[in-house]
Amino acid sequence: MTPKTVARTVVVGGGAAGIGAAGAAKAAAPGDEVVVYTEYEDCAYSPCGIPYVHGKEIPDFDRLFLAGKEAYVEAGIDIHYERKVTGLDLARHQVTVEGEGDVGWDRLVIATGFDYADPGVPGSDLEGLYYVKNIRRAMEWDKVLDHTKVAVVIEASPLGLEMVTALPHRGIETHLVDPHPWALAEAADADIVAPVEESWAEMGVKMHFNTRLEEFLGDARGDGGVSPQGKSGHVRGVRTSEGELPADLVVICTKKTPRNDLAAAAGIAIGSTGGIIVDETMATSCAGVWAAGDCIEVPHGVSNVPLQGLSGSHAYAQGKVAGTNAAGGRRKYQPVYVPWGMVAGKWMIGGVSFGETLATALGIPYVLGKAQGISRARYYPDMKKITVKLLAEPKTLRLIGAQMVGGEGIKERADFLAMAVKVGITLEDLAYMENVYSPPIGALNEPIALAAQNGLANAASASKG
Ligand SMILES: Cc1cc2nc3c(=O)[nH]c(=O)nc-3n(C[C@H](O)[C@H](O)[C@H](O)COP(=O)(O)OP(=O)(O)OC[C@H]3O[C@@H](n4cnc5c(N)ncnc54)[C@H](O)[C@@H]3O)c2cc1C
């Protein structure tokens with residue numbers, strides 16, 4: 001009898017996508033070998049919780065760890081920590097690993113994730129510039145926050161919003177510098193983030209919109225040289241297009257860019273966003289190679305525009321598809337509608353697909369329905385207001401996007417509306433939807449239905465005009 005051969009799946013990356021892929025590959029072919037390489041000291045932790053430990057809403061970093069290293073050993077997944085992959089040889093089916101040399105693979109999953117975009121200004125070699133990502137570094141930076149008096153957050157990205165909310169909780173004077181006219185301007189509409197900005201102002205945050213970062217300012221080291229880490233001095237502020245701001249610490253929250261260097265150097269096709277191109281099975285342009293997570297691009301379900309750098313939940317789901325298929329299974333990943341939601345200041349904001357600003361920028365026509373409703377019965381304590389905006393395709397009135405701001409209940413509505421967009425629900429369906437009315441958890445009039453009714457009225461008056 002011929003001995004059964006054990007195939008080896010190599011996964012480059014130990015983030016949400018890489019771990020999702022490794023687990024799925026093992027589940028699909030338990031007898032096969034699954035090897036993961038990560039530059040970091042850890043795998044199974046949630047980076048998403050880091051801003052909330054910094055803000056002291058979560059008491060310690062230990063809670064962010066999901067599983068110990070032994071859990072992967074028991075699951076038969078061979079994780080190589082602090083091992084950087086420096087090259088992919090597709091012809092010879094090998095990865096080159098720092099400290100290990102060339103390692104062969106039968107199937108390869110690339111899950112190299114993202115980097116924050118380089119601010120591209122002088123002074124980026126100073127100490128005191130914090131890129132929030134690795135949990136070990138976050139633990140070190142958390143101690144720095146104990147004696148930070150003034151911090152500048154660069155860019156009102158999702159992470160920027162979280163950090164701008166977290167730092168004042170530590171008593172730190174917080175400045176936000178962003179080149180756009182309002183926070184999260186590439187995703188959210190101005191009226192949706194206006195309450196967030198008001199609550200930041202109440203918290204003492206100093207907002208500098210329409211303001212470009214021009215330089216990190218620092219005090220040079222006494223010896224005029226650089227530290228062993230290559231740092232030429234410590235940051236003391238930033239120079240912006242609107243003047244200088246002092247800072248003990250600068251948190252860089254620029255756009256997420258795909259880490260595609262290994263894939264690109266190996267000749268794997270890269271798309272217009274810089275993300276690796278994959279098909280619905282997460283297969284790349286090269287046979288035997290799959291990719292997942294923030295290093296890839298996937299099509300948006302409404303506009304078909306390729307999107308990159310979505311979220312941890314997208315990365316994990318994509319990793320599952322890639323890992324399953326790499327191990328011989330058959331799974332497909334569908335276009336995305338991108339439900340999103342977060343806490344910012346004293347509010348929750350969220351949505352799906354796009355709001356008015358992005359739809360306008362993409363040249364997508366829409367009918368708008370907007371209404372303010374409430375999260376619980378009007379007489380129930382702690383009832384919160386919720387503003388809902390719905391965008392629908394003018395002819396069919398099919399929902400194509402939504403944005404919301406409120407005191408609670410945003411995540412569930414964003415998830416529901418994402419499914420509504422996906423399956424082609426119309427404003428009419430939503431205007432007369434059934435809804436839960438229970439005083440502590442839901443009002444008689446569902447805010448989504450109110451917004452849809454307003455949208456129908458707008459559509460009717462537009463057709464008369
Ligand atoms: C502070 C923070 C907050 C977040 N908040 C949320 C949230 O609230 N909700 C949400 O859904 N998502 C959140 N995310 C997730 C995030 O935005 C990404 O979408 C997610 O991390 C993408 O996962 P990934 O596995 O594709 O990439 P990454 O997380 O970037 O992981 C990449 C992995 O690849 C490894 N790697 C890269 N290159 C190499 C190489 N050459 N050799 C070896 N290893 C390599 C890295 O070590 C790392 O393990 C947050 C992330 C951070 C950092």
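A polar contact is a pair of N or O atoms within 3.5 Å; within protein, one atom must be able to donate a hydrogen and the other to accept it, and residues adjacent in sequence count only if both atoms are side-chain atoms. The exercises below concern a predicted model, in which local features need pLDDT of at least 70 and side-chain atom pairs count only at pLDDT 80 or more, while totals for chains, interfaces and linings use all residues. Residues are numbered from 1 along each chain as its sequence is written, and side-chain values use heavy atoms, with hydrogens and water left out.

**Exercise 1. Identify the residues around the ligand and their polar contacts.**

Solution.
Step 1. A residue is near a molecule if one of its heavy atoms lies within 4 Å of it. Of the 32 residues around the ligand, Val85, Lys133, Lys256, Asp294 and Gly312 come nearest.
Step 2. For Val85, a backbone N or O atom lies 2.8 Å from a nitrogen atom of the ligand.
Step 3. Gly14 places a backbone N or O atom 3.0 Å from an oxygen atom of the ligand.
Step 4. Arg259 uses a polar side-chain atom, 3.3 Å from a nitrogen atom of the ligand.

**Exercise 2. Describe the surroundings of Asp294.**

Solution.
Step 1. Asp294 is located in the loop between strand E19 (289-291) and strand E20 (296-299). Helices (H or I, at least four residues) and strands (E, at least two) are DSSP runs, numbered from the N terminus.
Step 2. Asp294 has a relative accessible area of 8%, so it is buried (buried means under 20% relative accessible area, exposed over 50%, partly exposed in between, with a 1.4 Å probe and protein chains only).
Step 3. The side chain of Asp294 reaches the backbone nitrogen of Leu310 at 3.4 Å.
Step 4. Contact means heavy atoms within 4.5 Å. Not counting residues up to four places away in sequence, Asp294 touches Gly113, Phe114, Lys256, Pro258, Gln308, Gly309, Leu310 and Ser311.

**Exercise 3. Characterise the largest cavity.**

Solution.
Step 1. On a 1 Å grid over the protein atoms alone, a cavity is a set of points where a 1.4 Å probe fits but cannot get out; lining residues have an atom within 4 Å of a point. Grid points are joined across faces, edges and corners, and a volume is the space filled by probe spheres set on the points.
Step 2. The search of the whole structure finds 1 cavity of 30 Å³ or more, and the largest cavity holds about 50 Å³ of space.
Step 3. Its lining includes Asp294, Leu310 and His314. Helix H8 gives the most to this lining, with 3 residues.
Step 4. By class, the lining of the largest cavity has 5 nonpolar, 6 polar and 1 charged residues (Ala, Val, Leu, Ile, Met, Phe, Trp, Tyr, Cys and Pro count as nonpolar, Asp, Glu, Lys and Arg as charged, and the others, Gly among them, as polar).

**Exercise 4. Compare the settings of His93 and Leu397.**

Solution.
Step 1. Most residues other than glycine have a negative phi.
Step 2. His93 is not a glycine, yet has a positive phi of about 55°; phi of Leu397 is near 65°, also a positive value.
Step 3. His93 belongs to the loop between strand E4 (85-89) and strand E5 (94-97), whereas Leu397 lies between strand E25 (385-392) and strand E26 (399-406).
Step 4. His93 is partly exposed because its relative accessible area is 29%, while Leu397, at 17%, counts as buried.

Terms used: On a 1 Å grid over the protein atoms alone, a cavity is a set of points where a 1.4 Å probe fits but cannot get out, and a pocket is an open set with protein on both sides within 12 Å along at least five of seven lines; lining residues have an atom within 4 Å of a point.
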